[in-house]
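Hello,

Here is the structure I promised to send over. Have a look at it first, and my notes follow below.

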Amino acid sequence: MIQIKVNGKWCEFPEGTTVADILDAMGGARQGVAVAMNGVLVRRGSWVGVVVPAGASVDVLTAVQGG
Amino acid sequence: MDEEPLVIGTHKLNSRLIIGTGGAANLAVLERALVASGTELTTVAMRRADAEGGSGVLELLRRLGIELLPNTAGCRTAAEAVLTAQLAREALGTDLIKLEVHADDRTLLPDPFETLDAAEQLAADGFTVLAYTNDDPVLALRLEEAGCAAVMPLGAPIGTGLGIRNPHNIELIVSRAGVPVILDAGIGTASDATLAMELGCDAVLLSTAVTRAADPERMAAAMRAAVVAGRLAREAGRVPQRFWAQASSPPR
């Protein structure tokens, strides 16, 4: 298992975890969300293919009331 | 009377009132206010998906057929704002971005240097940038030159309801702008929105004045009428102000 920081919280995932796996673990929402890994946008089309390395910081964002 | 649409980049809007969704007590209150306002463009913020308050606002805006204007609120640097804009475009499928880079939490005033830096990067990356800015006529021009599709000077700091503190600066910005000028922030009540339009602004963006009013739906209706009234008055051409009275009835 490896440690990945998801939305600011350290979580354990198996090695080889992809961005899509993390989204699944969070409940699977795909519409209206976007993902950054270590401060860089991961495009929607790459979610299945991008493996998240140990120690990475993954942020999953969506729109909320504001502004 | 025919109303000319507001054009921001390639986006056309028949309503000149842009509403922010922040501060509404709940989604039902927000929905009634949005409908009463007649708005066609409404701001949302980007936050972590597990944060509170995320549920429902997107579905609500889609159901009402209101276009999304994601913002970069909470960003302190150009780099943060650029990443947030990219995330918003990816999540929401819109090229519109309300660029706001705040200098500090107490004033929430825009940081002019970071804002200009981010505006250049985002415009070059194909975003339709609406830049929140100080009421600074020089900076407004610089933001336009950087490729912003609209400039949005504040009337007063966000959430203060202090109205338009420097109407002359707003007029100066309007007089030289080649892109729409949208009065953003500081609106407290309907007369402030009317004044913004009378000064020549192309639209008004507000949230607190409606969402935190005692009756948000009624205030939204007031703002809708206020923006229309101000624009009509601007187009009609007001009478000059005079020191002495001028009789409006014929002499006896």
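I'd start where the two chains meet, keeping in mind that this is a predicted model. Strand β5 of chain A pairs with strand β4 (residues 41-48) of chain B, running antiparallel over five bridges. Within that pairing, Leu61(A) sits opposite Arg48(B) of β4(B).

The wider contact draws on 20 residues of chain A and 29 residues of chain B. On the chain A side, the elements that contribute two or more residues are β3 (33-37) and β5 (57-65). β5(A) supplies the largest share of that side, with seven residues. Sorted by class, the side of chain A that touches chain B holds ten nonpolar, seven polar and three charged residues. As for how the predictor rates the complex, the ipTM is 0.90 and the pTM is 0.91.

Now to chain B by itself. Its secondary structure amounts to nine helices and ten strands. The radius of gyration is 18 Å, close to the 18 Å that the globule rule gives for 252 residues, so chain B is as compact as a globular protein of that length. Measured out along the principal axes, its C-alpha atoms fill a box of roughly 75 × 40 × 35 Å. Of the 252 residues in chain B, 49% count as buried. Taking the contacts in chain B between residues at least 6 apart in sequence, 63% join residues at least 24 apart. Confidence for this chain is given by a mean pLDDT of 94, with 97% of its residues at 70 or more. Where pLDDT is low, of course, the predicted coordinates should not be read in detail.

One helix in chain B that I looked at in more detail is α3 (residues 78-92). How far apart are the end C-alpha atoms of α3(B)? They are 21 Å apart, which agrees with the span of 21 Å expected for 15 residues at 1.5 Å a residue. Is α3(B) mostly covered or mostly open? Mostly covered: eleven of its 15 residues are buried. Among them are Ala78(B), Ala81(B), Val82(B), Leu83(B), Ala85(B), Leu87(B), Ala88(B) and Leu92(B). The buried set also includes Thr84(B) and Arg89(B). After α3(B) comes Gly93(B), which has a positive phi, near 70°.

Happy to talk any of this through once you have had the model open for a while.

Best wishes

Definitions and conventions:
Residues are numbered from 1 along each chain as its sequence is written. Chains are lettered from A and ligands numbered from 1 in the order in which they are written. This is a predicted model: local features need pLDDT of at least 70, side-chain atom pairs count only at pLDDT 80 or more; totals for chains, interfaces and linings use all residues. Two residues are in contact if their C-beta atoms, placed from the backbone, lie within 7 Å. Helices (H or I, at least four residues) and strands (E, at least two) are DSSP runs, numbered from the N terminus. Ala, Val, Leu, Ile, Met, Phe, Trp, Tyr, Cys and Pro count as nonpolar, Asp, Glu, Lys and Arg as charged, and the others, Gly among them, as polar. Two strands pair if DSSP finds at least two bridges between them. The expected span of a helix is 1.5 Å times one less than its number of residues. A residue is buried if 20 or more other C-beta atoms lie within 10 Å of its own, exposed if 12 or fewer, and partly exposed in between; C-beta atoms are placed from the backbone. The radius of gyration is taken over C-alpha atoms; the globule rule is 2.2 Å times the number of residues to the power 0.38. pLDDT is the predictor's confidence in each residue, from 0 to 100.
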